[in-house]
Amino acid sequence: MPSEGRCWETLQALRSSDKGRLCYYRDWLLRGEDVLEECMSLPKLSSYSGWVVEHVLPHMQENQPLSETLPSSASASALDQPSFVPKSPDTSSAFSPASPATPDGTKGKDESQHTESMILQSSRGIKVEGCIRMYELAHRMKGAEGLRQWQEEQERKVRALSEMASEQLKRFDEWKELKQHKEYQDLREVMEKSSREALGHQEKLKAEHRHRAKILNLKLREAEEQRVKQAELERLRKEEGQVRLRALYALQEEMLQLSQQLDASEQHKGLLKVDLAAFQTRGNQLCSLISGIIRASSESGYPTAESQAEAERALQEMRDLLMNLGQEITRACEDKRRQDEEEAQVKLQEAQMQQGPEAHKEPPATSQGPGGKQNEDLQVKVQDITMQWYQQLQDASMQCVLTFEGLTNSKDSQAKKIKMDLQKAATIPVSQISTIAGSKLKEIFDKIHSLLSGKPVQSGGRSVSVTLNPQGLDFVQYKLAEKFVKQGEEEVASHHEAAFPIAVVASGIWELHPRVGDLILAHLHKKCPYSVPFYPTFKEGMALEDYQRMLGYQVKDSKVEQQDNFLKRMSGMIRLYAAIIQLRWPYGNRQEIHPHGLNHGWRWLAQILNMEPLSDVTATLLFDFLEVCGNALMKQYQVQFWKMLILIKEDYFPRIEAITSSGQMGSFIRLKQFLEKCLQHKDIPVPKGFLTSSFWRS
């Protein structure tokens, strides 16, 4: 119909106009503010309108003669359905120009008229909406088809890429496997090569081992042969040494017998014109010589042929000495007999001249002790030579005091200051000596030695030297010796072990500075006369206090010190003296002899036993001396020393016991028990506190 044609023309015109290019969105109410922005853009029709114009309008123009009597209700109901767009050819047949199912023209005509009536009755909006929905459906179908094709293309590409990646992974695995196989082959070749080299090296080592084993076996056989040879030589040497040692013991025994014979010649002392002491001294020296040879041989193993020859020469000299003494005694006896005969003849002639017999007086009987033995009393006074030595030391001490008298009596403040500094520098180091480490003891010794050598030393924060005053050296020597003795009197008396460190420093200073040693002896003899040994005698007109001071007692305000304190001080000084004679400074010159060695200790012990004992004093001093110095004397004099101990036990103990009261038996019992224990064990223990090698390493 014309109206329907105009509708499609209108749509065509709208499509060509600016408004036809507007965008149409059904959900514009939901977009909010975006609608205003789209209103400002250029107007355009949607893609659905274009589809309607392209596909629907041509069909509508071809079907314009169709019937316009389509019922409005039917067209409205058809257009109102959401699935208005045909989904099959049956649905789109309404837009075709002629229906193929019409058997004749009458039926097609009726249907076209019916369709025209439906279109005429529908509103224009319903038609437009239907066209739009058909266009949307077609567009969705086209998009779905394009999406499906795109998905298929992407899936095809993914499959292609997957297959390509799979192939690349296979190639990579093959390449990796090939590389591993190659590395395994290289490693296997290296291991095989190393194994071959190791086997070769092992074979080489085995060959070297066999060679060395062969050499070692040869050396072992040679060493075994050498050992057997050395053992045989050692056995022969021991047998020879034992033979020599037995020969030495026989020589010593004969030497001791000759010494006893030499001692027995003392009874002929009044007849001899020669000095018998010289024979006895030489005899003791020869006995000590053989004892020293035996001791050295025992320490070194077995005696050598030279030692045996030397002992035989000493024995031969002893025989010659005894022979000469016998000749002297025989000659003296002959002279005495001849003189007696001449005197008898003279008396006989005188009697004959007087012609009368004269009664002859019998000589008085000699007093005899128990057992018919002659009772000989011991001496009370010391030997003259010892007294001369004692007096010389005291004179030297007095001379030293007179030498620095100007320094001590000076009124000058500078001289007084020098005197005090020197006295401190000399006495303070000695006061520091105790049971300290060897390294500290060496520092003290070096400080004292430097002071005596004229070198400056630090004392009280100042530098002090004996060169500051001409009398400084004499003053320091005197004060140093006095301090050593005072340490024995005080420190050693309280702590017996302190005797050894003090003594070793004193011995070292004595060796380097002999005058200090003489002054030490002078101070020791003055404070402890029993160290000479010397028993001062009371003289007529002497004050009792002076005599007590001579005996060694301290007298203050006419009060004499207690006996216990007196014995304690005497014990400390004797212990210090016994330690000095056996110790030497370990860092000194060992080639030189001790300035006051063990021979002086032997002399002191022999002289003290030749003198009558003093109550409580002699036993105390003997115990202290033997406890400190007994071990050294035993090693030095051996058999002679044991003979002296037996003499003390058998002959000297009864004398001490006879003069000791019941309240003074403590020191005697202590000495007796010590001596009996030593004789029982045949050994004298090393004194407590003796300086060993570990002391000097500390």
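A salt bridge here is a side-chain nitrogen of Lys or Arg within 4 Å of a carboxyl oxygen of Asp or Glu. Glu489, Lys527, Glu561 and Arg569 are linked in a network of such bridges. The model is predicted.

**Exercise 1. Take stock of the chain: how many helices and strands does the chain have, and what percentage of the residues count as buried?**

Step 1. Secondary structure comes to 23 helices and four strands.
Step 2. The chain has 698 residues, and 35% of them count as buried.
Step 3. Turn to the surface. About 43,300 Å² is exposed, with 53% of that area supplied by carbon and sulfur atoms.
Step 4. Look at the contacts between residues at least 6 apart in sequence. Of these, 77% join residues at least 24 apart.

**Exercise 2. Test the length of helix 22 against the expected rise, then find which helices its buried residues pack against.**

Step 1. Helix 22 covers residues 665–681, which is 17 residues.
Step 2. The expected span uses one less than the number of residues, times 1.5 Å. For helix 22 that gives 24 Å.
Step 3. The end C-alpha atoms of helix 22 are 24 Å apart, so expectation and model agree.
Step 4. List the buried residues of helix 22: Met665, Ser667, Phe668, Leu671, Phe674, Leu675, Cys678 and Leu679.
Step 5. An α-helix has 3.6 residues a turn, so residues three or four places apart point the same way.
Step 6. The buried residues of helix 22 pack against helix 20 (617–637) and helix 21 (639–659).
Step 7. Check what follows the helix. Lys682 comes next, and its phi is positive, near 55 degrees.

**Exercise 3. Work through a salt bridge inside one helix: how far apart are the closest N and O atoms of Glu239 and Arg235?**

Step 1. The closest N and O atoms of Glu239 and Arg235 are 2.7 Å apart. The cut-off is 4 Å, so the pair counts as a salt bridge.
Step 2. Both residues lie in helix 7 (residues 124–264). They are four residues apart, about one turn of the helix.
Step 3. Assign exposure. Glu239 has a relative accessible area of 38% and is partly exposed. Arg235, at 37%, also counts as partly exposed.

**Exercise 4. Analyse two salt bridges that link distant parts of the chain: Arg462 with Asp421, and Lys688 with Glu497.**

Step 1. Arg462 and Asp421 bring their closest N and O atoms to 2.6 Å. Arg462 sits in strand 2 (residues 462–464) and Asp421 in helix 12 (residues 413–431), 41 residues apart.
Step 2. Arg462 is partly exposed at 37% relative accessible area. Asp421 has 12%; buried means under 20%, so Asp421 counts as buried.
Step 3. For Lys688 and Glu497, the closest N and O atoms are 3.7 Å apart. Lys688 lies in the loop between helix 22 and helix 23 (693–697). Glu497 lies in the loop between helix 14 (472–494) and helix 15 (499–512). The two residues are 191 apart.
Step 4. Lys688 is exposed, with 67% relative accessible area. Glu497 is partly exposed at 31%.
Step 5. Put the pairs in context. The count comes to 24 salt bridges.

**Exercise 5. Check the cysteines: how many disulfides does the structure hold, and are Cys400 and Cys629 buried or exposed?**

Step 1. A disulfide is a covalent bond between the sulfur atoms of two cysteines.
Step 2. The structure holds zero disulfides.
Step 3. Cys400 has 0% relative accessibility and counts as buried. Cys629, at 0%, counts as buried too.

Definitions and conventions. Residues numbered from 1 in each chain as written. Predicted model: local features only at pLDDT ≥ 70, side-chain atom pairs only at ≥ 80, totals over all residues. Heavy atoms only, no water. Buried < 20%, exposed > 50% of the residue type's maximum accessible area, 1.4 Å probe, protein only. Contact = heavy atoms within 4.5 Å. Areas by Shrake-Rupley, 256 points an atom, 1.4 Å probe, with all protein chains shown as cover. Disulfide = S-S within 2.5 Å.
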